[in-house]
Every structure is written in structure tokens, then in C-alpha cells.
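Pull the model up in your viewer and keep the backbone torsions handy. We'll start in a loop and work outwards from there.

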Amino acid sequence: MNDMSQATTDTPLARVMAECLRLRGIATSEAVLKANLRGAQAEAEVLRGLSELGIEASWVPAAALDTDLLPALALTDDGAVVLTGLTDGGFTTADGQRLTADSLGRCIAFAPARSADSRADDLVEGSGKGWFWPVLWRHRRYYYEAAALSAVINLLSLGGIIFMMTVYDRILPNLAFVTLWSLLAGVGLALVFEFVARSVRGAALDSAGKKIDLVLGDAVFSRVLATRMEARAQSSGAFANVLKEFESVRGFVTSGTLVAIADLPFALLFLGVCALIGGKLVAVPLLAFLVVMALSLFVQIPMSRLANENLREAAVRHGTVIESLEGLETLKALRAEGRMRRRHEMSSGYIAERAMTSQHWSNLVTNVTVALQQTAAALMLAWGVYLASTGEATAGALVACVQLNSRALAPLVTLSSLAVRFQQVRSALASLNRIMALPVDRDPARRLLSSDAWRGEIELRGVSFAYEKDARPALDGVSLKIAPGEKIAILGRIGSGKSTLLRVLAALYRPQEGQAFLDGVDMTAIEPADIRAALLLVGQDARLFHGSLRENMLMAAPDTGDARMLEVARATGVTALAAAHPLGFDRGVGERGDTLSGGQRQAVALARALMTGAPMYLLDEPTSAMDQQTEAEMLRTLATLGDKGAGFVIVTHKHSILPLVDRLIVMDAGRVVADGPRDAVVQALSDGKVRTAS
Ligand SMILES: Nc1ncnc2c1ncn2[C@@H]1O[C@H](COP(=O)(O)OP(=O)(O)OP(=O)(O)O)[C@@H](O)[C@H]1O
């Protein structure tokens, strides 16, 4: 089987790959590989996913494998195997089979593990600028091609001008028709070449555009998904807007814009030729050229400021739009549409005003350039007449110089009209650089621990965490230990830090003080995907994603078969949801799960989590939107979970959940104020012996 999409989703490729990597001395778990390779459609995507984990790999045909590259992973008709040794004309696999090279598809060979050496870190981890220019540099071939073609086009156009001069100076006075037709044929040929060169140049830039788009687009989006929660922007809309701006950056570096830049040196060539032909006459276009250049550079100052202001306001406007769309129901119910509309209107007005001023500056440069182009032509002609009267210039030289003047100033007209865009792009690139420099979940310089056998034992030592720098900490010196399989409820008033505690346990946020351990290992030394697979969080908002019920159920465990899905669906009441729709498990759930009720969404979210078979679940009010009967069914499911050895930590405001747990933790103002066996804590609470801050 050579189709990666099949291999990564339908077969336990991640398991086989983890085994292969282990044999190669690279420790990584199935969970981590699944998290990074899921959805990889192309071979290059698999390599990119691995490279993000610091694993160097390459695709090779089976016949090219030698002992240095073994163990390697090979795709077969049934999935994947680990090749461990070479035999005559074939391979032995990790499970003792013998396979011929012909029966194998493409293979992945892994480079041996490298030790992390912090001495190189400064060079490797840049300030966020390293994502863009190196990619452009890698595609420089296309730009060289485009620049070479620009040279050809400019030189050919020079031929046209020389032709015109010859017609005036030699052909017209002598009525040399034969020469005229031969020259005309030459010019015709040059025009055909110019047309071809322009088309090829366009195609080269398009190819560069497509390739750069794929690489950079993916790099930016992957980085956004990998950004640490505490580092991401508060407004998703504003964040999304910066991503949208990536389009403008991409469009700029792969559009005809660069052609105008490549034309600029030829402006000097045209001026040089003008000096050769027209002598002193070149002073006129040279002066015009310098004035336009100076003006173009000067207007960059206000335009840069305007572009920055516009980008900021466009982010605010996008944030307003996204927030309004997400909360449309509530806005309508509160009749608060006007408030959002006004915010949108204000932003739009601000943006339009600045866009107009930018355009005004750009128009000024364009108009001045065009006016100077024409003035220079008129002045050259007038001065040319005087020069011609003294024999210093010919009529042909005059006509050629006027042409050269317009050719020399033409790229400036294009560039000045692109100045607005250039400033937008510069400003967008600066924002993107900031995003690309945000800290990510996974420190690429560290070789993180990875295993599939986490037991779910948790320990926090003096953990403190605040969402914002000077805000009161949401967790304040929390210390606790949770044994594998324990069933614990966390109680506490609203805002006491219960959800934050679960988020820190799931490694979504890192403690600013203190340490968190999983199975005795500091969580900062473990692959975040491993922590999240072992300590599975079901958040308060039970968020589903656009797609079918089945896709949502299988989201965290795509390799699971239908039998397991049905078992979990039955236990969580999701089968009833499927049965109520003609499409069954293929029914769509809408964006965010909007076509389901709140309680139904919670049932699916819980089922989705249970599919993974994690050793410990972190449940944040998982049944808050359910009716009594459904809740009772859920709780029975949770209890059976516990019986199978999995533990859970459940945040709840419901007393009906307490009989299910052995231990209670009470939180107040970010601190643990009571922790112990359930009955003892309930007693202490009812006796008023638990001291709270308020
Ligand atoms: N994303 C966030 N950004 C900033 N502050 C936050 C964020 N989430 C929570 N907080 C603050 O952190 C504190 C603890 O919130 P948390 O959600 O952990 O409380 P909780 O005990 O789970 O409350 P509830 O029972 O209402 O769910 C609160 O003061 C809250 O205002």
C-alpha cells in the first residue's frame, strides 16, 4: 500500500513506526506520532511531521535500503512492517517474516538519534524571522529565472528603440525599403521572443508562488496550532486576521511586483543608452528619475505608519466579526446587534480613512511620475531641436531618447503604485514574525520523553499559575498527589480555579511556579501529546467540530474499530442520537456541534474521550447540561470506567456525583482548602470546618 492517507489513518502505522523508531534508538510514543502525522496525505507531509519531532527521515525505495539504514519502515499491502535485516534479495522483519524487495512499497529510513546539544541552540532557534526568508531563498531558482527573463525582455525592447532610430536616421532619408523590411522581420521576431519570455516569466513566478504557498502556509498554520495556550492572542479573530494577512505577503513575493524590481536596474541601462545616443539630453530623464526615486522613498514614511495602524484596526474588525458570528444567538436575544455593528462601523471608518490617505500618497507618486515622464519627453524634444540645429543630435536619436525616457521611468510608475501594498506586506510580515516567534508546546531543542505506558499518577508541588501577568493567580501554591485509578471530585465556588487546575494537569498551560509530575517525571520533560493522551481532558464547553458524528467520536482515537465505537456509544447514550437520524453515525453535527443540544454535545464529548481508553480522565463538569436520567447513565459509565482501572478527576457542582468518588478536593481562591476521603470532607464542609477566603 503506497497511499499515505490510507496508511496514516486506516492502519496502525503510528504503532509500527513507534516500534521501528524504538529499535533505531529513538524513543517516541504512538500517541505522539499519531498527533503529529494524523491526516498526512503526502509523503512530504509525513517527513515534515517527523521533522517537527526532531526525527530526520527520508523516503527510499526498498531496493535502496542497506544495513546502515535498518531498521526501517516499509509500507505493504496490509499496512506497514519494520524491516530489521537484509537477506539474499530481501529483508527480515521484526516479527521474523521474510519479504522480498518487490513485495514492498516505499520505505521510510530514519537517521540515527542525535543528542541534543544546547551549544547550537542560539543558531537553531531564531527570533521568528527564520521561517520566511530561507524558504524564499530555497526557491531562488525561480527568481533567478524571472530576473534573467526580465533581462531578455528589456534587451529586446532596446532592439525596438534602436529600430526606430534607424528608421528615422537611415531608412527614411534613403528610402531603403529592403533594409526596412529586413529590420521589420527582425523586430517581429524580437516581439515574438518577448511574448514568450513574458509568458515563461509569469509561469516561473506562478510555480514559485504555488510551492512557497504550500510550505509557508503550512508552516504558519502549524505554528499557530503549536503555540502555547498562554502565549496566544486573546482574540481569535485578531489572530485569524494576521493569518489572513499571510495571503498579502505570499501574493506580494510571488506576484509581478518583483518583476518591477527586476526592471529597475534596466532603468539605468536605458539611461546609459540614452547618454550614448543623445549625449547631454540624458540629464533630463536622469533628473526626473532621481526626483521620482526621492519622492517614492519619502512617501514610505507616512505609508508605513498608515499600514501599521490599518493592520491593527483590521485585526480588531475581524475579531468583532468572529465574535459576533459565534455569539449571534445571544446578540439577537439581548438585542445587542447595534453595539457590535457600531464597533464594526467604527473600525471600518478608521480603516477606510487610512486606506484613503495611503492611496492619496500613492496616487501622488504615480501622478508626479507620469507628469515628469511627459514633461521630460517634451523638454528633451525642445532641447533636442537646439542640439539638432548644431548637429549634436539626430532626429532618430531624439525619438529614441524620448522612448528610452519613458522606458526608464516606467518601472517607477509600477513601483509607486505598489508602495501601498509593500507597506501592508511589511507590516503583515512583522506581525507574522511575532506569531512565529511565540513559544510552542514542544521545545524543539529537547529530546522529550515518550512512552505508551503512562499510568496516570499525578503530583503537583507548589504550583501557581496566573493567566495574565499582574492578575491574581488562578492557582496559588497548589500541592497534591493523585494515584493511578483514583476517583476524585473537585468542588469549589465559581472562579476558584478548578478548571485551571485541570488545564494545567493536561499540560495546556505551564505552571509559572512549582512543578507538575506525571508518573514521577517532571511534565516539562514529557512529550505534551503523551501527557494529553494519558490525562485526557474533557472541557466545560464540550466542543465538537464540523463533520459527522462518527468523525467526532473517532477524533482522538482514529484507529479504533466500529465495535469499540458502538460499545462506548451505547454506554454514553450516543446510539440514541445516531438512531434518531436517517444517516445514523454519519449524521453531521454542524460547526461546533451546533445541530445538537447542549446535553447531546456533552454526551458525544464524553464518548469521544472514552474512546481513547486513557488511564486518567480530567472531566470539567461533563454532565452539567444533562437531564437526571442521562446523567445517571453517564455516571454509571464513569463508574464502569473506574472499575476497569481508569481513574478520573471530575470538577462538579452536583452532589449526585459524589457517591461515585472516593476522595474530595475543595478549592477556594486558587488554593486547595480541603483534601481527603469523601465522607470526611463532606462532614468537614457541613460542620463549617473548611476555611475559605470569603
Ligand atoms: N482564559 C482566561 N483568561 C484570563 N483569566 C481567566 C481565564 N480563564 C479563567 N480565568 C480566571 O481564572 C480564575 C479561575 O478560573 P477557573 O475557570 O479555573 O474557575 P472555576 O473554578 O473552574 O470556575 P467555574 O466553576 O465557574 O467553572 C477566575 O478568576 C477567572 O476569571
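Ala542 sits in the loop between S12 and H17. This is a predicted model, so treat every value here as computed from it. The phi of Ala542 is positive, near 40°, even though the residue is something other than glycine. Ala542 counts as buried, because it has 24 C-beta neighbours inside 10 Å and the cut-off for buried is 20 or more.

Stay in that loop for a moment. Gly539 is also found there, between strand S12 (535-538) and helix H17 (549-553). Is Gly539 buried or partly exposed? With 18 other C-beta atoms within 10 Å, Gly539 is partly exposed. Its C-alpha atom is separated by 9.4 Å from that of Gln602, and the two residues are 63 apart along the chain.

On to the other backbone oddities. As background, most residues other than glycine have a negative phi, and most peptide bonds are trans. Asp519 goes against that with a positive phi of about 50°, and it is not a glycine. You'll find Asp519 in the loop between strand S10 (513-518) and strand S11 (521-522). Asp519 is partly exposed, because the count of other C-beta atoms within 10 Å is 18. Then there's the peptide bond joining Leu70 and Pro71, which is cis, with omega about -5°. Pro71 lies in the loop between strand S1 (57-61) and strand S2 (72-76).

Ala507 has a positive phi too, near 60°, and it follows H15. That helix is a good place to go next. How many of the residues of H15 are buried? The count is 8 of the 8, so H15 is largely enclosed by the rest of the structure. The buried residues run through Lys498, Ser499, Thr500, Leu501, Leu502, Arg503, Val504 and Leu505.

H15 also brings us to the ligand. Helix H15 (residues 498-505) supplies the largest share of the shell around the ligand, 3 residues. Select Tyr467, Glu468, Ala474, Gly492, Ile494, Gly495, Ser496, Gly497, Lys498, Ser499 and Thr500, and you have the residues around the ligand. By class, that shell has 3 nonpolar, 6 polar and 2 charged residues.

Now for the helix packing. Two packed helices are described by the angle between their axes and the distance between the axes. Take helix H9 (residues 236-253) and helix H11 (residues 283-326): their angle is about 125° and their axes are 7 Å apart. At that angle H9 and H11 are oblique to each other, and H9 passes H11 in a right-handed crossing. On the H9 side the contact includes Ser236, Gly237 and Ala238, while the H11 side includes Leu311, Ala314 and Ala315. The residues of this contact of H9 with H11 divide into 9 nonpolar, 6 polar and 2 charged.

H11 has another partner, helix H13 (residues 337-389), and this pair packs at about 165° with axes 9 Å apart. Why call H11 and H13 roughly antiparallel? The angle is about 165°, and angles over 145 degrees count as roughly antiparallel, so the label fits. H11 passes H13 in a left-handed crossing. The contact of H11 with H13 has 25 nonpolar, 11 polar and 5 charged residues.

Terms used:
Residues are numbered from 1 along each chain as its sequence is written. This is a predicted model: local features need pLDDT of at least 70, side-chain atom pairs count only at pLDDT 80 or more; totals for chains, interfaces and linings use all residues. Helices (H or I, at least four residues) and strands (E, at least two) are DSSP runs, numbered from the N terminus. A residue is buried if 20 or more other C-beta atoms lie within 10 Å of its own, exposed if 12 or fewer, and partly exposed in between; C-beta atoms are placed from the backbone. Axes are lines fitted to C-alpha atoms, for helices over the stretch in contact, and angles run from 0 to 180 degrees between N-to-C directions. Angles under 35 degrees count as roughly parallel, over 145 as roughly antiparallel, 65 to 115 as roughly perpendicular and the rest as oblique. A crossing is left-handed if the near helix is turned anticlockwise from the far one by less than a right angle, and right-handed if clockwise. Two residues are in contact if their C-beta atoms, placed from the backbone, lie within 7 Å. Ala, Val, Leu, Ile, Met, Phe, Trp, Tyr, Cys and Pro count as nonpolar, Asp, Glu, Lys and Arg as charged, and the others, Gly among them, as polar. A residue is near a molecule or strand if its C-beta atom, placed from the backbone, lies within 6 Å of it.
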